[in-house]
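Student: Got a minute to go through a structure with me? I'll throw questions at you as they come up.

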Amino acid sequence: MTVRRPGLANRMADNLETTVAFWYLAIAAVGAGALMLVARNPVHSAISLVIVIFHVAGLFVILGAGFLAVAQIAIYAGAIVVLFLFTLMMLDMRRLPEERVTHRQIWLGIPLGILLAIEGVVVSVGTPEISASIKGTFPPATVSELGGSTQALAVSLFNEFTLPFLGASVLLTAATIGAIVLARRVEAHEQADYPQAAEASSPDDTPAEPGPAEPVLEESAR
Amino acid sequence: MMLNGFLVVGALLFALGATGVLIRRNAIVMLMCIELMLQGANVTLAAFSRYLDDQAGFVLVVFSLTVAAAEVAIGLAILVALSRVYPVVNVDQLDSLSG
């Protein structure tokens, strides 16, 4: 029997390495998030989102949640951002009209965002030290006794949160079916249900092909 | 104490995402900004979970990842279905229901 490693959560004192890693990850995550907002090209936004996700995964590692870091990278970078990029590819942004950001949005949105950020930072900095009386039932000693943070997460997930876990599986099934139904092509004989689709599509036998962008756009821009 | 640092990161990511939803008009980028807000919430949940010696926050992050995946699948499917009818991604032009 090898000596059990004390577990990341245990070793994670507020030492110099952790502090340096935290500052790097925090600044890079927030910087990439800001980059995502100013990128004109949606593909650049998606790549910035990947950078944010990897750095937040690093923050999870510092917090002693290695499983969450891996799940984060697998689900977000592996599935969600790929889905974004596929959709960008399918929608073919070059054919679509340019995004127009009006001045009203800028002058209302940025001050509101700054206000929200200031509010959040003030509340965060003002959060008091957590007293021992309100601590939960998984101190680092218990976590390493269970065999690590992943085991502790599993113990909590499959005892206390079994019903929400099953609910999450139902949600994923419903979302999968919903996405398939929504993204399905509308068949020609079903087009009576979607008069605008029939109107927008070209008269020949390609029901899913949207018509020329200009007339439909003017009609919808009204 | 580092808890405050993690909370500040979470708050800043959330504010950036909210700002993006307000100022960007591309529907796909708006969905990405919602993901950014979820990331901020996840950082806050995980930080509190770690410093409160409780696993509930980590479990909630798992559920948050699930909901994010479902939300993106549905949102992008709606966008694809929408783009067949109106080839528009600018949400300001999608005002057919506004009478």
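Student: First thing that caught my eye: does B:Asp53 count as buried, exposed or partly exposed?

Tutor: Partly exposed, because B:Asp53 has 19 C-beta neighbours inside 10 Å, and 20 or more would make a residue buried. Keep in mind that this is a predicted model.

Student: Okay. And where is B:Asp53 found?

Tutor: In the loop between H2 and H3 of chain B. B:Asp53 comes after H2(B), and its phi is positive, near 55°.

Student: What kind of residue is that positive phi in?

Tutor: In a residue other than glycine: B:Asp53 has its phi near 55°. On chain A there's A:Gly64, just after H3(A), with a positive phi of about 80°.

Student: Back to H2(B). Is that helix largely enclosed or largely open?

Tutor: Largely enclosed by the rest of the structure, since 22 of the 25 residues of H2(B) are buried.

Student: And what span should H2(B) have at 1.5 Å a residue?

Tutor: The 25 residues of H2(B) should span 36 Å, and the end C-alpha atoms are 37 Å apart, so the two agree.

Student: Zooming out, how many helices and strands are there in chain B?

Tutor: Chain B has 3 helices and 0 strands, so to speak an α-α-α pattern when read along the sequence.

Student: What's the radius of gyration of chain B next to that of a compact globule?

Tutor: Chain B has 17 Å, whereas a compact globule of 99 residues would be near 13 Å. The C-alpha trace of chain B spans about 50 × 25 × 20 Å along its principal axes.

Student: What share of chain B counts as buried?

Tutor: 61% of the 99 residues of chain B. For chain A, buried residues make up 23% of its 222 residues.

Student: What does the secondary structure of chain A come to?

Tutor: 10 helices and 0 strands in chain A.

Student: Which contacts in each chain join residues at least 24 apart? I mean, what percentage?

Tutor: Taking contacts between residues at least 6 apart in sequence, 51% in chain B join residues at least 24 apart. The figure for chain A is 47%.

Student: Switching to the interface. How many residues does each chain put into the contact?

Tutor: Chain B puts in 71 residues and chain A puts in 86. On the chain B side, the elements giving two or more residues are helix H1 (3-23), helix H2 (27-51) and H3. H3(B) gives the most, with 24 residues.

Student: And how does the chain B side divide into nonpolar, polar and charged?

Tutor: The side of chain B that touches chain A has 51 nonpolar, 13 polar and 7 charged residues.

Student: How do helix H8 of chain A and helix H3 of chain B cross?

Tutor: Helix H8 (residues 162-183) of chain A and helix H3 (residues 56-85) of chain B cross at roughly 10°, with their axes coming within 8 Å. H8(A) and H3(B) are therefore roughly parallel to each other. The residues making the contact include A:Leu171, A:Leu172 and A:Ala175 of H8(A), and B:Phe63, B:Val67 and B:Ile74 of H3(B). By class, the residues of the contact of H8(A) with H3(B) are 17 nonpolar, 3 polar and no charged.

Student: Now a pair inside chain A: at what angle do H3 and H4 pack?

Tutor: Helix H3 (residues 42-62) and helix H4 (residues 66-91) of chain A pack at about 175°, with their axes 8 Å apart. H3(A) and H4(A) are therefore roughly antiparallel to each other. Among the residues that meet are A:Ile53, A:Phe54 and A:Phe60 in H3(A), and A:Ile73, A:Tyr76 and A:Phe84 in H4(A). The contact of H3(A) with H4(A) has 20 nonpolar, 2 polar and no charged residues.

Student: How far does H3(A) reach from its first C-alpha to its last?

Tutor: H3(A) reaches 30 Å with 21 residues, close to the 30 Å expected at 1.5 Å a residue.

Student: Last one. What is A:Leu157 in contact with, leaving aside its neighbours within four places in sequence?

Tutor: A:Phe165, B:Val59 and B:Val62. A:Leu157 is found in helix H7 (residues 149-159) of chain A, and A:Leu157 is partly exposed, with 18 other C-beta atoms within 10 Å.

Methods:
Residues are numbered from 1 along each chain as its sequence is written. Chains are lettered from A and ligands numbered from 1 in the order in which they are written. This is a predicted model: local features need pLDDT of at least 70, side-chain atom pairs count only at pLDDT 80 or more; totals for chains, interfaces and linings use all residues. Helices (H or I, at least four residues) and strands (E, at least two) are DSSP runs, numbered from the N terminus. The radius of gyration is taken over C-alpha atoms; the globule rule is 2.2 Å times the number of residues to the power 0.38. A residue is buried if 20 or more other C-beta atoms lie within 10 Å of its own, exposed if 12 or fewer, and partly exposed in between; C-beta atoms are placed from the backbone. Two residues are in contact if their C-beta atoms, placed from the backbone, lie within 7 Å. Axes are lines fitted to C-alpha atoms, for helices over the stretch in contact, and angles run from 0 to 180 degrees between N-to-C directions. Angles under 35 degrees count as roughly parallel, over 145 as roughly antiparallel, 65 to 115 as roughly perpendicular and the rest as oblique. Ala, Val, Leu, Ile, Met, Phe, Trp, Tyr, Cys and Pro count as nonpolar, Asp, Glu, Lys and Arg as charged, and the others, Gly among them, as polar. The expected span of a helix is 1.5 Å times one less than its number of residues.
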